[in-house]
Amino acid sequence: MVGRALAPVERIRREVDQITGDRLDRRVPEPPTRDEVRRLATTMNRMLGRLEDSRARQQQFVADASHELRSPLAALRQTAEVAVAHPGALDDGELAEAVLEESIRMQRLVEQLLVLTRTEAGASGRPLGDVDLDDLLLTNARRLRRPELHVDTSGVGPARVHGDELALGQVVRNLLDNAARHARSRIALGLRAHDGGIELVVDDDGHGIAPADRERVFDRFVRLDEARARDDGGSGLGLAIVREIVAAHGGTVAVEEAPLGGARFVVRLPAPARAS
């Protein structure tokens with residue numbers, strides 16, 4: 001009787017023993033009974049599903065990162081080969097400028113990859129505290145202002161959240177840089193208390209984002225405007241970083257149509273708990 005009762009456990013054990021890193025699509029048999037053994041098998045299959053998804057995301061991430069790094073490396077090699085094969089074809093200033101530009105692209109990409117990795121692991125190692133989001137917004141707004149771009153901050157009110165100030169500063173910076181990249185001439189910022197939390201809004205008067213792309217735009221290495229993104233140094237990681245950091249702070253980020261005609265990015269974060 002004991003042997004018959006434990007037979008499903010033995011079948012599960014044999015199946016698990018054959019599962020390897022490249023065969024995470026396999027699943028253990030789930031007995032028809034409604035007992036602890038079935039619950040164990042169901043739990044193990046859910047775990048295997050999560051491992052399979054994680055491995056697939058990791059493989060895609062490595063492939064995408066390799067693809068992105070290939071472009072600046074190829075440009076550096078081409079410049080060096082021209083300089084070696086045809087001495088004097090490039091003056092020192094032109095050669096240095098090309099090397100510097102591609103090196104900056106690679107450095108920015110590597111830094112963003114590190115931010116993503118640390119955010120996913122939840123291992124920033126920095127202390128958390130109350131962060132004045134309005135200060136971060138106004139500081140970055142001043143950084144963006146130039147004659148051809150008007151940045152409206154009249155909708156920014158005082159708002160405080162609890163979290164990692166450097167990470168939240170990265171969220172603000174990425175959203176504003178994205179808006180400036182795609183705006184024609186205007187950006188509008190908003191910050192207010194909303195439904196027991198904090199709502200941060202960044203509008204631009206650019207071309208906007210089609211409804212079908214409003215979720216995909218937060219995926220890694222996605223560029224809806226390939227040529228323009230490459231010209232201005234965009235890596236396709238900025239909005240992915242925004243989503244990861246916001247999620248790590250218990251919030252959400254979404255894209256809507258802006259009153260200015262372009263895209264509206266809305267970040268909602270929980271307000272800091274009041275001390276009793």
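Select Leu-189 in this predicted model and display what surrounds it: leaving aside residues up to four places away in sequence, Leu-189 touches Leu-137, Ala-141, Val-151, Asp-152, Thr-153, Gly-155, Val-156, Leu-176, Val-201 and Val-202.

Now widen the selection to the nonpolar core. Leu-189 is among the residues with the most contacts inside the largest nonpolar core, together with Leu-133, Leu-175, Ile-187 and Leu-200, and this core has 48 residues. Colour helix α5, residues 165-182, next, since the largest share of the core, eight residues, comes from that helix. A second core, separate from the one just shown and made of eight residues, can be found by selecting Ile-19, Leu-24, Val-37 and Met-44, which are included in it. As a general background to both selections, nonpolar side chains in soluble globular proteins tend to be buried together.

Return to the strands, and begin with β4, residues 186-194, which runs antiparallel to β5 and is joined to it by eight bridges. At one end of this pairing, select His-194, whose bridge partner in β5 is Gly-197; the two strands form a hairpin with two residues between them, and Asp-195, in the turn, has a positive phi of about 50°.

Then select β5 itself, residues 197-204, and show its surface: the strand is mostly covered, with eight of its eight residues buried. Beyond its pairing with β4, strand β5 is also joined by seven bridges to β7, residues 263-270, again in an antiparallel arrangement. To finish, pick Val-202, whose bridge partner in β7 is Phe-265; Val-202 is also one of the residues that Leu-189 touches, which leads back to the starting selection.

Note on methods:
Residues numbered from 1 in each chain as written. Predicted model: local features only at pLDDT ≥ 70, side-chain atom pairs only at ≥ 80, totals over all residues. Heavy atoms only, no water. Core = buried A, V, L, I, M, F, W, Y, C linked by side-chain atoms within 4.5 Å. Buried < 20%, exposed > 50% of the residue type's maximum accessible area, 1.4 Å probe, protein only. Helix = DSSP H or I, 4+ residues; strand = E, 2+ residues; numbered from the N terminus. Contact = heavy atoms within 4.5 Å. Pairing = 2+ DSSP bridges.
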